[in-house]
Structures are given as C-alpha cells and as structure tokens.
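Student: I'd like to learn how to read a structure like this one feature by feature. Can you walk me through it?

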Amino acid sequence: MRSDRIFNFGAGPAMLPIEVMEKAQKEFLNYNGMGASIIELSHRGQEFISVLDRCDRLIRELSGLPDNYKILYMPGGGQMQFSAVPLNLLGRMPQKKALFIESGSFTRMAREEASRYGAVKVIASSAGTDFDRIPGFDHNAIEQDASYAFITSNNTVRGTCWNKFPATGEVPLIVDATSDIFSRQMDFSQCGLVFAGLQKNLGPAGLGLVLVRDDLLEYAMPQTPRLLNYKLYSEEHSLVNTINTFAVYMLMLVLEWMVDRGGISQLQVINEIKAKTLYDVIDRSDFYQDFAQKGHRSTVNVTFSVANRSLLDVFLSEANERGLYALKGLNAYPSLRASIYNAMPLEGVQCLADFMKDFEHRYG
Ligand SMILES: Cc1ncc(COP(=O)(O)O)c(C=O)c1O
C-alpha cells in the first residue's frame, strides 16, 4: 500500500484498485496513442465503441452470463433502476403488480418508487427486527400473476445478504446487486434482471449496469421515458444519449483487473477471508457488538458497534489517524460499518482488525 493512501471503508463511492487508477492516470492525456483523453473522444467513435465492446466481453467472461441476457449501461446509478424496473416490467402482466421481499431501506425505496406505477405487495419483511436478517417467506406467497418479484441481494446499510436467491417460478426475479455484484458468484440464469450502480465494486458512481433476460424487453409502459427504456438501450448498444464514457472506460479497467485477479471465484475467496477476519474480532468478546444475524451476514458490509457507546468518537478518530477511513455507519445503531468490496486489500482489513484488537485492549 502506498503511504499517501488511506484504507477507505466507506460504503460507496468506494476504493478502486490502485493498479486501475494508475493505469487511468497514465493514459489520461493520451488514450491509445490518440493524442486525446478517452473523455474527449466521441461516444460513437471506434475507440470508445471498442471500450464498450470490451466491457461486454469481459462481463460475459467473468460472470458466465447466459447468451440470452443483454448488457445495458444506463445513467442514474442504482436508484434510477427503482424507476426503470417498474416502468419496463410492470406491464408484463395485466394486474401490473410487483412483489417485494423487504430486507432493507433500499428495497423499501424501490417499492415506494414502483407504487407510483402499479400495485406493490410486500410478501415478507424484516423491518420488525430492524432489518437484521433476510426475512423468511413462504414460497406460496410468490403469486404467479405478478409481473416480477424484487429483492436486494446485499443490504448495504444493515450488512445482510441473501445466500441463495429465492425460487420464484415463472415470475421474473429482479435483483438489486448494487453492493455485491461481482464480489461473489451469482447464478444469473435464476434472475430475470440484475442491476447495480458501479460505485462499490465496479467503478465510478452515476452509471448503472443492467443484465436483463431478452424476453423482458417487450413490456415498457407507454409513459416510459426514452432514457429509461430497456429495449432502446438494447437496440442502440446503450448509446441512447451521450453515455458517461469515462465511467465505462473505468469499468473496463476494473473488469480487466478482476480477470487478472483470477475472476469472481477468486475474489470471492479473498472477500470471505476479509469478512471472517473482522467477524472473528467482533465475535471474540463483548466489547464489540455484531448486528446482522449469523447466517445472514454480508461479506462486503460488516456492521457492528462498540458496546460502550461513549467510545464511538474516540474509536473513529483513532481509526482515522491510522488511515482507516469512513467507518461510521449510516445510523446511530449499528454505529460502525466496514465496507470491504473487491478493491479493499486484505492488508487494509488486517490493519482494521489489529486496530480493533488494540483498541479493545486499551479501553476494554
Ligand atoms: C443496495 C443499494 N441499492 C441502491 C443504491 C443506490 O445507488 P445510487 O446511489 O447509485 O443510486 C445503493 C447505494 O448505496 C445500494 O447500496
């Protein structure tokens, strides 16, 4: 790790691999011998189209995405999909109804947004236990006349994740994978659509990646804005308007880095070691309190608290001094969160674990 860099445990925008940023820096003024930066080149020119094509190929290579899935790059990050999904998919069935398994505040926001366009039904929720788990649910609750069923694969705020996606029969499963996409292996063929903002595991904020089964491109409601219409994005290779060329270019570099690292399966192995390193420290004593139920714990967002809450500010300020940055959680409880996405090195997690043990030793 370079001495001028911190370990950023923020939930996103998050750390990007240093190799990626150094490469971007090196070729920023002169991309591919063009005498211009990639951000100065036309999104319709051959240089940029090659970047886009390469992203497509790398995504397929890394994820094993089946051929009948389209890859779309859309503006607006993760949340724009809270609108795009209902606008494009509620029309799949006459009832225009969407089912939600509510496991966190982002699922709730997605549900509220969908309710502007059709009927929504929460078939299970863990709100009653403050989203400390993935809710249990009865498979019979998946009403087969629904247009889709929606889940969030990893709940960034509370630090829980689905270990196995629910079987939804003929009802397409829609997955918000903003915080765990490509951090672990997923069976995309089980999903109708998976989307993610780039800013945690894949690149800069503001761009959304959408992987969608091609039979689902046909149901956009008439009021769907052009810039949210999946079919149009599929037909125009995501060049419906001037795409965020820099974000796509950074995505390409991150995907190349992932291939160099041995792909998603290898990243998953490292991510599991990273998470275990922190959960082991949390579980060792009562000084730290965990939050997410065991068996539901996220590998990429580790949430916890210091049992003696008066120590919180001291913990954060001492952590900051050691270059362990942005550990404050979103809520008063659990007050701490370590986001450890793909680009967080094991070394950073080890530093945090050592600091936590030392802090406990001194204040426990
Ligand atoms: C699970 C999840 N969904 C959606 C979002 C929203 O993404 P964006 O800020 O790109 O709209 C986030 C952001 O943290 C998230 O964690």
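Tutor: We'll go through a helix, the cores, a buried serine, the cysteines and the charged pairs. Keep in mind that this is a predicted model.

Student: Let's start with helix H4. Which of the residues in H4 are buried?

Tutor: First the general idea: an α-helix has 3.6 residues a turn, so residues three or four places apart point the same way. Now the case here: H4 covers residues 105-114, and its buried residues are Thr-107, Ala-110 and Ala-114. Looking down the axis of H4, these buried residues fall within an arc of 60°, so they line one face of the helix.

Student: And what do the buried residues of H4 pack against?

Tutor: Their partners are helix H3 (80-89) and four strands: S3 (97-102), S4 (119-125), S5 (148-152) and S6 (154-155).

Student: On to the nonpolar cores. Which residues of the largest one touch the most other members?

Tutor: In soluble globular proteins, nonpolar side chains tend to be buried together. Here the largest nonpolar core has 63 residues, and Tyr-73, Leu-255 and Met-258 touch the most other members. Helix H6 (residues 245-260) gives the most to this core, with eleven residues. Another core, of 31 residues, lies apart from it and includes Tyr-279, Ile-282, Leu-312 and Phe-315.

Student: What is Met-258 in contact with, leaving aside neighbours within four places in sequence?

Tutor: With those set aside, Met-258 is in contact with Leu-62, Phe-182, Leu-202, Gly-263, Ile-264, Leu-267 and Asn-342.

Student: What about a polar residue, say Ser-179: is it buried or exposed?

Tutor: For a single residue, look at accessibility and then at contacts. Ser-179 counts as buried because its relative accessibility is 1%, and the cut-off for buried is under 20%. Ser-179 sits in the loop between strand S8 (173-176) and strand S9 (193-197). Its side chain makes a polar contact with the side chain of Asn-154, at 2.9 Å. Leaving aside neighbours within four places in sequence, Ser-179 is in contact with residues including Thr-156, Lys-200, Val-300 and Tyr-341.

Student: How many disulfides are there?

Tutor: The thing to check is the distance between cysteine sulfurs, with a cut-off of 2.5 Å. The count comes to zero disulfides. For Cys-191, the nearest cysteine sulfur is that of Cys-161, 14 Å away. Cys-191 is buried, with a relative accessible area of 1%, and Cys-55 is buried too, at 0%.

Student: Then the charges. How many salt bridges does the count come to?

Tutor: Side chains of opposite charge can pair when their charged atoms come close. The count here is 21 salt bridges. Take Arg-261 and Glu-19, whose closest N and O atoms are 3.2 Å apart. Arg-261 lies in the loop between H6 and helix H7 (263-284) and Glu-19 in helix H1 (residues 18-26), so this pair ties together parts that are 242 residues apart in sequence. Arg-261 is partly exposed, at 40% relative accessible area, and Glu-19 counts as partly exposed at 38%.

Student: Which residue forms a salt bridge with Lys-23?

Tutor: That's Glu-256, with the closest N and O atoms 3.8 Å apart. Lys-23 is in helix H1 and Glu-256 in helix H6, so the pair ties together parts that are 233 residues apart in sequence. Lys-23 is partly exposed, at 39%, whereas Glu-256 is buried, at 16%.

Student: Which residues are linked in a network of salt bridges?

Tutor: Lys-97, Lys-121, Glu-143 and Asp-145 are linked that way.

Definitions and conventions:
Residues are numbered from 1 along each chain as its sequence is written. This is a predicted model: local features need pLDDT of at least 70, side-chain atom pairs count only at pLDDT 80 or more; totals for chains, interfaces and linings use all residues. Side-chain values use heavy atoms; hydrogens and water are left out. Buried means under 20% relative accessible area, exposed over 50%, partly exposed in between (1.4 Å probe, protein chains only). Helices (H or I, at least four residues) and strands (E, at least two) are DSSP runs, numbered from the N terminus. The arc is that of the directions from the helix axis to the C-beta atoms. Contact means heavy atoms within 4.5 Å. A nonpolar core is a set of buried Ala, Val, Leu, Ile, Met, Phe, Trp, Tyr and Cys residues joined through side-chain atoms within 4.5 Å. A polar contact is a pair of N or O atoms within 3.5 Å; within protein, one must be able to donate a hydrogen and the other to accept it, and residues adjacent in sequence count only if both atoms are side-chain atoms. A salt bridge is a side-chain nitrogen of Lys or Arg within 4 Å of a carboxyl oxygen of Asp or Glu.
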